[in-house]
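User: I have a model loaded and want to go through its packing. Can you take my questions in turn?

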Amino acid sequence: MSGLGKVSPAKRVDGNNDLPLFYVNTMSVEPQSRPSDTPRVSVTFAEHLMNVEDARNDESASSRALGIASPITSSASSFNSWTSAPASSISSSPFVLSFNDLTYSVNIQKKFNPLACCRKSRNGSSVNTKILLNGISGEAHEGEMMAVLGASGSGKSTLIDALANRIAKDSLRGSITLNGEVLESSLQKVISAYVMQDDLLFPMLTVEETLMFSAEFRLPRSLSKKKKKARVQALIDQLGLRSAAKTVIGDEGHRGVSGGERRRVSIGNDIIHDPIILFLDEPTSGLDSTSAYMVIKVLQRIAQSGSIVIMSIHQPSYRIMGLLDQLIFLSRGNTVYSGSPTHLPQFFSEFEHPIPENENKTEFALDLIRELENSAGGTKPLVEFHKKWRAKQAQSPSYSHGNKKNNNASLKEAITASISRGKLVSGATNNSSNLTPSFQTFANPFWIEMIVIGKRAILNSMRQPELLGMRLGAVMVTGIILATMFTNLDNSPKGAQERLGFFAFAMSTTFYTCAEAIPVFLEERYIFMRETAYNAYRRSSYVLSQSIISIPALIFLSASFAATTFWAVGLSGGTSGFLFFFLTILASFWAGSSFVTFLSGVVANVMLGFTIVVAILAYFLLFSGFFISRDRIPVYWLWFHYISLVKYPYEGVLQNEFQDPTKCFVRGVQIFDNSPLGEFPNDVKLNLLKSMSGVLGTNVTAETCVTTGIDILKQQGITDFSKWNCLWITVAWGFFFRVLFYFTLLIGSKNKRR
């Protein structure tokens with residue numbers, strides 16, 4: 001096969017070349033013996049990806065992986081989805097997203113008023129209803145950009161959320177259809193993408209790495225690594241990020257890409273699979289005019305590749321207005337204008353507020369809307385005028401003719417045609433026998449997702465070694481202090497008591513040092529919500545991957561702490577005793593990090609999370625059995641003793657230390673050490689022992705063992721579980737909290753308004 005063609009920058013017909021738009025030139029698939037009269041076949045961008053490697057061997061299989069037909073048989077009728085010319089990117093089965101009479105309101109609780117009980121409110125209710133959207137209707141077409149404008153609080157973001165299925169169905173009234181068919185939530189997640197206002201990116205990854213990880217999530221496993229890289233490189237060029245491809249994203253503490261580049265990376269993250277519909281919330285917010293224009297220019301090219309682009313925008317510049325196709329102006333949830341930017345002068349002229357010649361049209365419109373909002377009658381006259389104006393426009397022949405062609409393609413036909421052009425590469429397949437497109441909920445199996453999530457987390461952590469270093473430093477400092485404070489404990493009564501104190505402090509310290517895990521998920525929280533909202537990966541894959549990659553660090557920390565303290569303190573058991581001590585420390589770290597991870601999924605504030613963790617761990621230590629033995633705990637608090645995370649590792653290491661029945665901790669005269677008699681001379685103590693022997697009928701000498709390790713365990717009330725059972729219970733607590741963490745993600749990351 002020869003002449004596969006190459007990707008090259010296109011010169012736009014409008015002469016604007018500030019951002020290179022990459023497309024695939026018309027290519028020929030020519031066997032060496034091709035007859036001269038065989039027509040040349042146009043190949044789409046997606047088909048080009050499928051043919052750049054081993055074209056003859058895997059042509060049909062690769063085409064199915066991308067959800068397209070074989071280029072030999074069907075590419076003559078396909079369109080170039082990344083072409084620069086708008087005319088060539090509009091399909092014969094265009095998509096039309098229609099929304100009709102969208103209404104959304106929220107209940108606002110009145111502020112607490114201590115006198116409310118003394119007087120009755122007018123409506124007898126303490127709840128006010130605020131309407132955020134009031135009967136919003138419109139249409140967005142394939143190949144066009146629709147912008148929602150208005151002042152702060154006008155409902156721009158709410159409308160975008162409503163269209164992007166980010167408002168609960170039972171809270172939103174009205175209908176949203178794609179090509180006349182109701183757009184189901186499961187289908188919308190596959191064919192659309194949502195770019196948040198905030199740039200939620202991992203700061204220590206480069207632009208290229210960020211997009212590559214997104215490709216590994218959103219593109220199917222059947223697509224080779226080489227082809228995914230080709231997709232990423234083409235996207236980098238399309239977004240105008242070639243010069244920043246190797247630069248880290250950066251944050252407040254690390255210098256990285258510019259604000260405009262960050263915004264384009266955020267967009268690239270969500271269009272890596274070439275969605276049909278792209279929603280954006282304030283994509284130009286916080287950018288200078290040049291960066292904002294470049295972002296909108298990129299969005300225009302995405303639309304011209306065969307997508308519907310809908311965005312909210314605060315106040316577009318004159319140049320940006322020239323790129324937009326449809327506008328919706330909102331005022332306090334009502335539509336005050338909808339239509340083409342070119343019709344704005346006519347609209348306001350008929351409203352008897354003509355736009356001056358040299359005035360920016362959007363600035364004039366927004367200023368007028370603000371003036372009306374502050375007037376006595378509000379914007380009601382403008383809202384009513386807009387309804388009449390739209391009704392008159394709908395009756396005009398040009399309007400009817402322009403919209404008739406958009407309604408003759410069913411959703412099934414439009415999606416099938418879109419797949420044949422190479423869109424929806426994240427799991428759409430085209431069944432050529434019945435022309436029925438099918439969709440996978442996720443592009444990859446869960447184990448692939450786990451590998452990619454783990455690889456990304458490890459790479460991000462390796463570029464921030466100070467995080468592990470700080471935690472290791474805290475563990476080592478604690479271990480050194482304990483090792484020097486409790487050096488070479490003897491087998492005296494005081495030595496036994498000091499061992500109890502060492503174990504209680506050591507076990508509780510392992511849990512307290514796990515509190516640093518709180519910010520880890522909170523920093524990723526909104527990235528996770530953005531990625532899972534549109535099925536980049538499963539929540540279960542995230543939980544499993546994060547659990548597995550945390551284990552090596554926990555092993556390292558546990559080994560460091562155990563090696564620092566075990567022999568320096570003089571604990572018993574030899575090698576087997578050290579191994580169990582190490583395993584118990586590891587299990588404690590595992591249970592503690594799982595518990596803290598679970599709390600980070602429940603509490604969204606770092607400071608509040610630290611406060612809760614410290615308080616709960618203090619309660620766990622209080623009820624562990626160190627301060628008061630199990631037998632002395634009041635029965636109504638006994639349940640807390642059994643759910644204390646500190647109880648099980650504490651009892652396990654105590655049994656590991658005191659399980660030897662031959663080891664004695666109190667001999668003869670040592671029974672007087674913890675009493676006032678301990679101050680008397682040994683001769684007096686020996687005489688007392690002789691007297692006691694006569695009374696007890698048992699010979700008690702200075703060397704007679706009075707208290708063994710088993711006796712100490714009984715005194716502490718440690719008789720419920722063996723040391724190995726304590727270890728397994730601690731490990732089980734860790735798994736239990738990981739499961740709870742999964743359910744908090746499942747319930748708490750719906751990311752939908754109510």
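User: Which residues of α28 are buried?

Analyst: This is a predicted model. Buried here means under 20% relative accessible area. In α28, the residues that meet this are K723, C726, L727, T730, W733, G734, F737, R738, F741, T744 and L745.

User: What do the buried residues of α28 pack against?

Analyst: Contact is the test, with heavy atoms within 4.5 Å. The partners are helices α20 (518-533), α21 (539-569), α22, α24 (638-643) and α25 (647-658).

User: Why does the end-to-end distance of α28 agree with its number of residues?

Analyst: Helix α28 covers residues 723-748, which is 26 residues. At 1.5 Å a residue, the expected span is therefore 38 Å. The end C-alpha atoms agree with that, at 37 Å apart.

User: Which helix gives the most to the largest nonpolar core?

Analyst: That core has 113 residues, and L97 and F581 have the most contacts inside it. With 12 residues, the top contributor is helix α22 (residues 574-602).

User: Leaving aside neighbours within four places in sequence, what is F581 in contact with?

Analyst: F581 is one of the two residues with the most contacts inside the largest core. Its partners beyond those neighbours are F502, F503, M507, F561, A562, T565, F566, L571, V653 and N656.

User: How far apart are the end C-alpha atoms over residues 543-566?

Analyst: An unreviewed UniProt entry lists residues 543-566 among its "transmembrane region" features. In the model, this stretch is 100% helix and 0% strand. Its end C-alpha atoms are apart by 33 Å.

Notes
Residues are numbered from 1 along each chain as its sequence is written. This is a predicted model: local features need pLDDT of at least 70, side-chain atom pairs count only at pLDDT 80 or more; totals for chains, interfaces and linings use all residues. Side-chain values use heavy atoms; hydrogens and water are left out. A nonpolar core is a set of buried Ala, Val, Leu, Ile, Met, Phe, Trp, Tyr and Cys residues joined through side-chain atoms within 4.5 Å. Buried means under 20% relative accessible area, exposed over 50%, partly exposed in between (1.4 Å probe, protein chains only). Helices (H or I, at least four residues) and strands (E, at least two) are DSSP runs, numbered from the N terminus. UniProt positions are given in the numbering used here, feature names are shortened, and annotations may be inferred rather than shown by experiment. The expected span of a helix is 1.5 Å times one less than its number of residues.
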